[in-house]
Amino acid sequence: MSAPEDPRSILITGCSSGIGHAAAHALKARGWRVFATARREADVARLAAEGLEALALDLDDSASLQAAVGEVLARTGGRLDALFNNGAYGQPGAVEDLSRETLRAQLETNLLGTHELTCRVIPAMRARGQGRIVQNSSVLGFAALPYRGAYVCSKFALEGLTDTLRQELTGSGIHVSLIQPGPITSRFRENAHRAFHAHIEVAHSAHAETYRHVEARLANQAGKAPFTLGPEAVIDKLVHALESRRPRPRYAVTLPTHLFAGLKRLLSSRGMDRVLLRSTRDERQ
């Protein structure tokens, strides 16, 4: 009798809450060997207590990335079947109020750290001639909304980099997909509120009056954007991207993502601007 095959393995970033946390537990329940990562040691300990193989991974720190990937490959004998790049945060603020350092910090986490991690796992996938890379993008990866410029910049860039990577990996056996969630229940608003206070000088901004409404929205942890879904809404799309023989390049999640994608194909840029501005009118008044 042949020995049973090892379970498929996946490395997931940003598992402390939200989509990453839900994905880690859902995939473990499906039989995947899940390496769940988080930046803070307290979150790593909590994930381990929940029965996950948990590791520290800070997307802003190359040494942390190298150590995490090395540990995963050591535990699996060099095999990694999938990577789900989920870790990210949002930096609110008008574009003209974003300092170079603030924008760089957003890109370090949401784009450059994700890019470096992806490049570190590709060789292991190439060696086996197969693998899945799934990038968690956003509706803001193709539709820009006001006062979200740093996050929009990072996700637009991630989508372009991912499209290029998908083309370059054609024929390698490594499939690359993007997931584009709209509003999802998570700590995203809480973290964005913290980033807003840390990096935006409200008092000296031409947008100071609007910021009162932006901050009220961020501070309202109990409130939800319209059409908000729970993080489990992403799971079916993620599973298809990981397990289907023909994964799609893109997976839209939530009504706003589907709606804005359709409107972007139909409307002029000015027409799309009017729709997007109208969709955020209440939070700016």
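This is a dialogue about how to read the fold and core of a predicted model.

Visitor: Where should I begin, and how many helices and strands does the protein chain have?

Guide: A count of the secondary structure elements is a good start, and in this predicted model the protein chain comes to 10 helices and 7 strands.

Visitor: What does the radius of gyration say about the overall form of the protein chain?

Guide: The general idea is to set the value beside the one expected of a compact globule, which for 285 residues would be near 19 Å, and since the protein chain has 19 Å, the two agree. The extent of the C-alpha trace adds to this picture, as it spans about 70 × 45 × 30 Å along the principal axes.

Visitor: What share of the residues in the protein chain is buried, and what supplies the area that the chain exposes?

Guide: Buried residues make up 49% of the 285 residues, while the protein chain exposes about 14100 Å², of which carbon and sulfur atoms supply 52%.

Visitor: How many positive and negative side chains are there, and how far apart do the centres of the two sets lie?

Guide: The protein chain carries 36 positive and 29 negative side chains, and 7 Å lies between the centres of the two sets.

Visitor: Which residues have the most contacts inside the largest nonpolar core?

Guide: That core has 28 residues, and those with the most contacts inside it are Ile10, Ile12, Leu27 and Phe84. Several elements give two or more residues to this core, among them strand S1 (9-12), helix H1 (18-29), strand S4 (82-85) and helix H8 (235-243). The largest share, 5 residues, comes from H8. A second, separate core of 20 residues includes Phe35, Val72, Leu117 and Ile122.

Visitor: Is Ile10 buried or exposed, and why?

Guide: Ile10, which lies in strand S1, counts as buried because its relative accessibility is 0%, where the cut-off for buried is under 20%.

Visitor: Which residues is Ile10 in contact with, leaving aside its neighbours within four places in sequence?

Guide: Once those neighbours are left aside, the contacts of Ile10 include Leu27, Val34, Phe35, Phe84 and Leu242. A separate reading uses C-alpha atoms, and those of Ile10 and Ile133 are separated by 9.5 Å, although these residues are 123 residues apart along the chain.

Visitor: What part of the contacts in the protein chain joins residues 24 or more positions apart?

Guide: Among contacts with a separation of 6 or more, residues 24 or more positions apart account for 70%.

Terms used:
Residues are numbered from 1 along each chain as its sequence is written. This is a predicted model: local features need pLDDT of at least 70, side-chain atom pairs count only at pLDDT 80 or more; totals for chains, interfaces and linings use all residues. Side-chain values use heavy atoms; hydrogens and water are left out. Helices (H or I, at least four residues) and strands (E, at least two) are DSSP runs, numbered from the N terminus. The radius of gyration is taken over C-alpha atoms; the globule rule is 2.2 Å times the number of residues to the power 0.38. Buried means under 20% relative accessible area, exposed over 50%, partly exposed in between (1.4 Å probe, protein chains only). Contact means heavy atoms within 4.5 Å. Accessible areas come from the Shrake-Rupley method with a 1.4 Å probe; for residues, only the protein chains shown count as cover. Lys and Arg count as positive and Asp and Glu as negative; His and the chain ends are not counted. The place of a charge is taken as NZ of Lys, CZ of Arg, CG of Asp or CD of Glu. A nonpolar core is a set of buried Ala, Val, Leu, Ile, Met, Phe, Trp, Tyr and Cys residues joined through side-chain atoms within 4.5 Å.
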